[in-house]
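Dear colleague,

I am passing on a structure that I would like you to have at hand, with the sequence and coordinates shown just below. My notes on it come after that.

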Amino acid sequence: MAVVYEKTKMLTDKPLHYCPGCTHGIIHRLVAEAIDELGVQDKAIGVAPVGCAVFAYDYFNCDMMEAAHGRAPAVATGCKRVNPNNVVFTYQGDGDLASIGAAEITHAATRGENITVIFVNNAIYGMTGGQMAPTTLPGQVTTTSPYGRDPNHCGYPIRVSEMLATLDGPAYIARVSVHDVKHIMEAKKAIKKAFQMQIEGKGFALVEVLSSCPTNWGMTPQEALKWLQENMIPQYPLGVKKEVE
Amino acid sequence: MAKLTIATEICKGCGLCADVCPKKLLALSHDINSKGYHPIAITDQEKCIGCAFCARMCPDAVIKVEK
């Protein structure tokens, strides 16, 4: 019997701490598979964020570092500049990247740092208990917007991919989703492409992955993926936002 | 016939794999693993076509597919 599919060796055997049905696990696997398929496991260095994915350093079977909240692109910048032959990536959530880390990601992008950024957008602060994030949708109920996010009071959500795509620095920016198998396959292609860009020395690559948070959205895993598809994708349209030749 | 190997100890019983199975062959087991979850189980191995949709959807990389 031939193996059709099994867990990649780029992931360790440590069980993931994420809640049941959280799509962080899927995105971890896609990143790990992309690194494995490109054959750069020995050269890969990851930078873990603060947020639900703070323990990512336990799960990826390569060298990993932990950054202060939001500062993963700054740490990755230093790492890549002193180790230009290594493949350096960050894995960040929306609270980490779009809020406290907005300066670091913007400047890493505009400098065109040759790193790969995986940005997981689930429209909420997961680890701290479901507070409103910069990416929370208008009307979305969170613990700090119990009547729904009111844009007149709290402003509008940030479309990070579109915002960074206006800069001259980035080489590749795409938004993907993991709400069904077809989109998971497309997400994998985009993530692999983002690593490929770095290996070819083309510069800054970011993949925004729309993700679910069943626990803090107060839904079953199935309802959460449906909610993502029906509400997040209209607000955050999928596709390649920028790509240099 | 394809063969599924399910790592029941790390399954959290979210059921996302069951939703994407084109043959609807996956269901939560009555057993309970050491973390207190009902792990996923295959109801009819003979009918599995080995598409690996379940394995690609699983957030915890619980499923190995052979064909």
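What follows is an account of the confidence, the overall build, the sheets, one helix and the interface.

This is a predicted model, in which local features need pLDDT of at least 70, side-chain atom pairs count only at pLDDT 80 or more, and totals for chains, interfaces and linings use all residues. Residues are numbered from 1 along each chain as its sequence is written, while chains are lettered from A and ligands numbered from 1 in the order in which they are written.

The model scores ipTM 0.96 and pTM 0.97. For chain B the mean pLDDT (the predictor's confidence in each residue, from 0 to 100) is 96, and 100% of its residues reach 70 or more.

Chain A contains 10 helices and 8 strands, where helices (H or I, at least four residues) and strands (E, at least two) are DSSP runs, numbered from the N terminus. The radius of gyration of chain A, taken over C-alpha atoms, is 17 Å, close to the 18 Å that the globule rule (2.2 Å times the number of residues to the power 0.38) gives for 245 residues, so chain A is as compact as a globular protein of that length. Buried residues (20 or more other C-beta atoms within 10 Å of their own, the C-beta atoms being placed from the backbone) account for 52% of the 245 residues in chain A.

In chain A, an open sheet of 7 strands follows the order E3-E2-E4-E5-E7-E6-E8, with mixed pairing; two strands pair if DSSP finds at least two bridges between them. Strand E3 (63–66) and strand E8 (239–243) of chain A stand at the edges with a single partner strand each, so one side of each has no neighbour in the sheet. From one strand to the next the twist averages 15 degrees, with axes being lines fitted to C-alpha atoms (for helices over the stretch in contact) and angles running from 0 to 180 degrees between N-to-C directions. Within this sheet, strand E2 (residues 44–48) and strand E4 (residues 87–93) of chain A pair in the parallel sense over 4 bridges, and Val47(A) has Thr90(A) in E4(A) as its bridge partner. Helix H1 (residues 24–37) of chain A lies across E2, E4, E5 and E7 of chain A, and runs at about 165 degrees to E5(A).

Helix H8 (residues 181–199) of chain A has 19 residues, which at 1.5 Å a residue (counting one less than the number of residues) should span 27 Å, and its end C-alpha atoms are 27 Å apart, which agrees. Among the buried residues of H8(A) are Ile184(A), Ala187(A), Ile191(A) and Phe195(A). The buried residues of this helix pack against H1, E4, E5, E6 and E7 of chain A together with helix H2 (53–57) of chain B. Just after H8(A), Gly201(A) takes a positive phi of about 75 degrees.

A second sheet involves both chains: 3 strands form an open, antiparallel sheet in the order E1(A)-E4(B)-E1(B). E1(A) and strand E4 (residues 63–66) of chain B are joined by 2 bridges, and Tyr5(A) stands opposite Val65(B) in E4(B).

At the interface, 22 residues of chain B are in contact (C-beta atoms, placed from the backbone, within 7 Å) with 23 residues of chain A. H2(B) gives the most to the side of chain B that touches chain A, with 4 residues.

With best wishes

Notes: Contact = placed C-beta atoms within 7 Å. Buried ≥ 20, exposed ≤ 12 C-beta atoms within 10 Å, placed from the backbone.
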